[in-house]
Amino acid sequence: MGTIWNGEACVVRQKRRAPNCWQLTLSVPSRAPISPGQFCHIQVDNGTSLILRRPFSYWDASPAGKKAMQVDLLYAVVGRGTGALARKKPRSTVGYLGPLGVGFTPKPAGTYVFVAGGIGIVPFHHFVKRILSKKRRPRVLLLFGGRTRSMLFGIDDFRRLGVETMVATEDGSRGRKGRVTDLLEERILNLDRKNLRVYACGPTGMLDAVVRLARRENLSCE
């Protein structure tokens, strides 16, 4: 594990990505490597009302000079903490602890299938950029699901990277009506199983369904 930075990080910019979704760019005074799937803890305010840290996955991460990293966090506003974070302005600071956790294992594969539910899409952007930076470019398929089309933030970023994308919404407002695991079950039938790896991130119920399908079909899954 690399060095964990515990201190202040500076807000570079904030960008609204959807009605309830923001992209926060931070400058972190540490060059600790960040693996796809790792996360950081953000403390919005060191006052008594918002003292608890909030966990956020990395949407992107890249070196910024000799002693800093620029990291992007994509997050939904769901309460007081994320609401206060959305009001942060450039040059303000937040408490930062990271990178934390064990990331995905980016093993070589001919085909990668990413299954994302809601905010679970976030770590796959960093993962995809790393995969596609290699000389040999594999096939990458993103299956993304949400309750409604407003939950499908960030999908155009994947398309610009050349990723095949398919979406499902529970209310049928975009893509297939139903759950993203229904998409996975359909697509698996038409994919070459040789050298295929499935990665999933999302709600617990979705992850349970992906694991059951992977075990049934004898698929490599993480």
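The second largest pocket is lined by 18 residues, and Gly117, Glu170, Arg179, Pro203 and Met206 lie nearest its centre. About 350 Å³ of space lies in this pocket. The model is a predicted one. Besides its pockets, this briefing covers salt bridges, which number 12, and nonpolar cores, the largest of which has 26 residues.

**Second largest pocket**

- Strand E9 (139-146), helix H4 (180-188) and helix H5 (204-217) each give at least two residues to the lining of the second largest pocket.
- H5 supplies the largest share of that lining, three residues.
- By class, the lining of the second largest pocket has nine polar, six nonpolar and three charged residues.

**Largest pocket**

- The largest pocket holds about 410 Å³ of space.
- Its lining comprises 23 residues. Nearest the centre of the largest pocket are Leu74, Tyr75, Ala76, Val78 and Ile119.
- Strand E4 (54-57), strand E6 (69-76) and helix H2 (122-132) each contribute at least two residues to the lining of the largest pocket.
- Sorted by class, the lining of the largest pocket has 16 nonpolar residues, six polar and one charged.

**Salt bridges**

- Side chains of opposite charge can pair when their charged atoms come close.
- The count of salt bridges comes to 12.
- Glutamate 217 pairs with arginine 193, with the closest N and O atoms 3.2 Å apart. This pair links distant parts of the chain: glutamate 217 sits in helix H5, and arginine 193 sits in the loop between H4 and strand E12 (196-201), 24 residues apart.
- Glutamate 217 also forms a salt bridge with arginine 216, where the closest N and O atoms are 3.0 Å apart.
- Glutamate 217 is partly exposed, at 21% relative accessible area. Arginine 193 is partly exposed as well, at 34%. Arginine 216 is exposed, at 52%, because the cut-off for exposed is over 50%.
- Glu185, Arg193, Arg216 and Glu217 are linked in a network of salt bridges.
- Arginine 197 and glutamate 222 meet in a salt bridge, 3.7 Å from N to O. Arginine 197 lies in strand E12 and glutamate 222 in the segment after strand E13 (220-221), so this pair ties together parts that are 25 residues apart in sequence.
- Arginine 197 counts as buried, at 11% relative accessibility, because the cut-off for buried is under 20%. Glutamate 222 counts as partly exposed, at 31%.

**Nonpolar cores**

- In soluble globular proteins, nonpolar side chains tend to be buried together.
- The largest nonpolar core has 26 residues. Those with the most contacts inside this core are Phe114, Ile121, Phe124, Val140, Leu142, Phe144 and Phe158.
- Strand E8 (111-117), H2, E9 and helix H3 (155-160) each supply at least two residues of this core. H2 gives the most, with six residues.
- Phenylalanine 114, leaving aside its neighbours within four places in sequence, is in contact with Phe124, Phe127, Val128, Ile131, Val140, Leu141, Leu142, Leu143 and Tyr199.
- A second, separate core has 23 residues, including Ala9, Tyr58, Ala61 and Leu73.

**Elements that recur**

- Helix H2 supplies at least two residues to the lining of the largest pocket and gives the most to the largest nonpolar core.
- Strand E9 supplies at least two residues to the lining of the second largest pocket and at least two to the largest nonpolar core.
- Helix H5 gives the largest share of the lining of the second largest pocket and also holds glutamate 217.

Note on methods
Residues numbered from 1 in each chain as written. Predicted model: local features only at pLDDT ≥ 70, side-chain atom pairs only at ≥ 80, totals over all residues. Heavy atoms only, no water. 1 Å grid on protein atoms, 1.4 Å probe; cavity = no way out; pocket = protein on both sides within 12 Å on 5 of 7 lines; lining within 4 Å. Points joined across faces, edges and corners; volume = space filled by probe spheres on them. Helix = DSSP H or I, 4+ residues; strand = E, 2+ residues; numbered from the N terminus. Nonpolar A, V, L, I, M, F, W, Y, C, P; charged D, E, K, R; others polar. Salt bridge = Lys/Arg side-chain N within 4 Å of Asp/Glu carboxyl O. Buried < 20%, exposed > 50% of the residue type's maximum accessible area, 1.4 Å probe, protein only. Core = buried A, V, L, I, M, F, W, Y, C linked by side-chain atoms within 4.5 Å. Contact = heavy atoms within 4.5 Å.
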